[in-house]
Amino acid sequence: MVIYMKSAAEFRNDVDTNAIVDELTQAFKLRLGWVPSREINPWTNSLRFMETILRKAEVSPDCGVLIEYRIPSTSKRIDFVVAGEDDSGAKNAIIVELKEWQTAKATSMDGIVETIFSRGFHATAHPSYQAYSYKTLLLDFNENVERKNVSVSSCAYLHNYTEGSPEPLRAPVYQHIVNDSPLFFKHDTAKLQEFIRKYVGAGKGMQILYEIEQGKIRPSKKLIDHVCEMFKGNSAFTLIDSQKVAYEQALDIAAHAKKKTVVIIKGGPGTGKSVLSVNLLGALLARSQHVVFVAPNAAFRDVMVKTLAQENAATRLRHLFKGSGAFFDAEANTFDTMVVDEAHRLKGEGAYQYRGTNQVEDIVKAGRCSIFFVDDSQQVRPDDIGSTKEIRRIANKHGAMIHEMELDAQYRCAGADGFINWLDDVLMIRETANFDGWDRKDFLFEIVDSPHTLHEIIKRKAQQGHTARLLAGYAWKWTAEEDGNPNGEVADVVIEEHDFRMPWNSRRARTTWAIDASGADQIGCIHTSQGLEFDYVGVIIGRDLEFDLQSQSFRSNWEQYKDGAGKKGLKDNPEALCSYIKQIYKTLMSRAAKGCYVYICDPGVRGHFATRLRALDDRYF
């Protein structure tokens, strides 16, 4: 979406006459119906610096300038683009990320720095990384950039920032991204002028900008080849039995959908929903569809990207993976197909940082075909609305064709369908035929008598080369970042009777905690583990779940359950809260492929589980 597109001469005149802010404000009101008030001061300051750069670079007056260019099918806006030809006649566009920063701190994370926002330092993307990511979006998804041979470069200009020695923004962890998208500081104006003059100085830029703006959103051949290469020979993405059937059926439906279509694929924990969904992403991309992978859980998205991506390729892949709140204002049928994993976690109005009213409807509207992977039993908060029933309702509302299929094979828990069924029965979620247990050779499940023992087992499994993590219910507070806990510094999970103390997962590695090296000595919760799979998990069942031995029933403990959003509106509905908490513990205990160890805080719950295990193994008594 174009907010401001003019020639370099017109841009200079708008700045000289103090009209530039008014132009941008009016354009925002006209096209979007609102004005980003926080941008007005940066416009006033940064655009004057860019006018000076273009003037002193002596670029041709008919170079083209884009300001606040919104990349189609995304919420991303590029600060500044200048386009033109170089001396050889080649067409070029330069993305300039503008920052008013005056200070920054390096971190150990790739592409992440800290700078001052309102109250103190906060983590944010490195300016060069931001510029690089926008460039990648244009190269990978704008058809005209590829067809019309438009070369795209990117850089960052920090016009208030005096370069230090050593300079945090040039730390070794950022070197590869700075090499790609150079940094220009306060005293680098001559270098930036030369950079711009070299690529676009000969002008004829307005036609280049029109070509970019009119480009259809389609994956580039390079992106298609890149993603398809990831799946070649990768046994982790091999489809088996009902997965293969559902894959071929869904692929055929999506490839030939001519009208609004909704596909619902149901499956419990470990039935291979995520493997199937990622395979569909790759196959549809290979058919040159404009496809996006949607996942409400940021941890699942980031771990999936890092697992799939080759070195330094995560940015390109990340543009295919989006959160579920990104489509509230998307135009109808923006995407050919939307693949939605963990659809049961889709949100409704009032959810954190969500500006729409119903994410299921957002997705159905935005995609010509929408493929929802759903497990109704994994809704763990009151604001989780993505049930099979709700998806059907929205699909019918929009006159969509509905196709449903079900995955019934169990791939996690070593094929132990019986263990999942046994958990359902023990937690009194539903009665099953596995009330008396499952084949213990298929899956290991043990109760341990100390959280220290639990930690030792999981660390030993990790040292042996297995993927293994500690998980817990949300029965302990999570100290806020501003209270000194940005990186797991505070040991919030405390079990006094065992003198046990460990931190929740680091906020700095929150979305990649499951594969981060520091994760072995931290504890994850439902929000950092749902949708993921490990070889072994150690689960702490907190005092948010209790069991009354006399009435033989579970009950929730409102005070002990610390997830504010998870218990919102449920203070007077303990049965509903108990149902959510039981679903959380079932989900945590079914994250493993080989074995689960548990420590249980409440004596009643511990006794209930032990009693149910007696028929299988007498060693607990």
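User: Is Phe-121 buried, partly exposed or exposed?
Analyst: This is a predicted model, and in it Phe-121 sits in strand β7, residues 121-125. Buried would call for under 20% relative accessible area and exposed for over 50%. Phe-121 comes out at 28%, so the label is partly exposed.

User: Which residues is Phe-121 in contact with, leaving aside its neighbours within four places in sequence?
Analyst: Let's set one distant residue apart before listing them. Gly-484 is 363 residues away along the chain, and its C-alpha atom is separated from that of Phe-121 by 12 Å. The contacts of Phe-121 beyond those sequence neighbours are Thr-103, Ala-104, Lys-105, Glu-114, Thr-115 and Ile-116.

User: Which helix gives the largest share of the largest nonpolar core?
Analyst: That core has 121 residues, and the members touching the most others are Phe-445, Val-539, Ile-540, Met-589 and Phe-609. The largest share is eight residues, and they come from residues 574-589, which is helix α19.

User: How many residues are in the second, separate core?
Analyst: Nonpolar side chains in soluble globular proteins tend to be buried together. Here the second core stands separate, with Val-15, Phe-28, Val-96 and Leu-192 among its members. Its count is 32 residues.

User: Why do the buried residues of α15 line one face of the helix?
Analyst: Helix α15 spans residues 388-397, and its buried residues are Thr-388, Glu-390, Ile-391, Ile-394 and Ala-395. Look down the axis and they line one face because they fall within an arc of 165°.

User: What sits on the face of α15 turned away from its buried side?
Analyst: Start from the buried side: those residues pack against β10, α14, β14 and β15. The face turned away from it carries exposed residues, namely Lys-389, Asn-396 and Lys-397.

User: At what angle do α3 and α7 cross?
Analyst: A helix pair is described by the angle and the distance between the two axes. For α3 (residues 40-57) and α7 (residues 189-200), the axes come within 9 Å. The crossing is right-handed, and the angle is roughly 65°.

User: How many charged residues does the contact of α3 with α7 have?
Analyst: On the α3 side we have Met-50, Ile-53, Leu-54, Lys-56 and Ala-57, which meet Thr-189, Leu-192, Gln-193, Ile-196 and Arg-197 in α7. Sorted by class, there are six nonpolar and two polar residues, and the charged ones number two.

User: And how many nonpolar residues does the contact of α10 with α11 have?
Analyst: These two helices pack at about 35° with axes 10 Å apart, in a right-handed crossing. From α10, Gln-243, Ala-246, Tyr-247, Ala-250, Leu-251 and Ala-254 meet Val-275, Leu-276, Asn-279, Leu-280, Ala-283 and Leu-284 in α11. The contact has no charged residues and two polar ones, and the nonpolar count is 10.

User: Which peptide bond is cis, with omega near 0°?
Analyst: Most peptide bonds are trans, which makes a cis one worth a look. Pro-166 lies in the loop between β8 and α6. The cis bond runs from Ser-165 to Pro-166.

User: Where is Gln-353 found, given its positive phi of about 60°?
Analyst: Most residues other than glycine have a negative phi. Gln-353 has a positive one although it is not a glycine, and at 67% relative accessibility it counts as exposed. Its place is the loop between β13 and α14.

User: What is the phi of Ser-288 near?
Analyst: Ser-288 lies in the loop between α11 and β11. It is partly exposed, with a relative accessible area of 36%. Its phi is positive, in a residue other than glycine, and is near 60°.

Technical notes
Residues numbered from 1 in each chain as written. Predicted model: local features only at pLDDT ≥ 70, side-chain atom pairs only at ≥ 80, totals over all residues. Heavy atoms only, no water. Core = buried A, V, L, I, M, F, W, Y, C linked by side-chain atoms within 4.5 Å. Buried < 20%, exposed > 50% of the residue type's maximum accessible area, 1.4 Å probe, protein only. Helix = DSSP H or I, 4+ residues; strand = E, 2+ residues; numbered from the N terminus. Arc of directions from axis to C-beta. Contact = heavy atoms within 4.5 Å. Axes fitted to C-alpha atoms, helices over the stretch in contact; angles between N-to-C directions. Left-handed = near helix turned anticlockwise from the far one by under 90°. Nonpolar A, V, L, I, M, F, W, Y, C, P; charged D, E, K, R; others polar.
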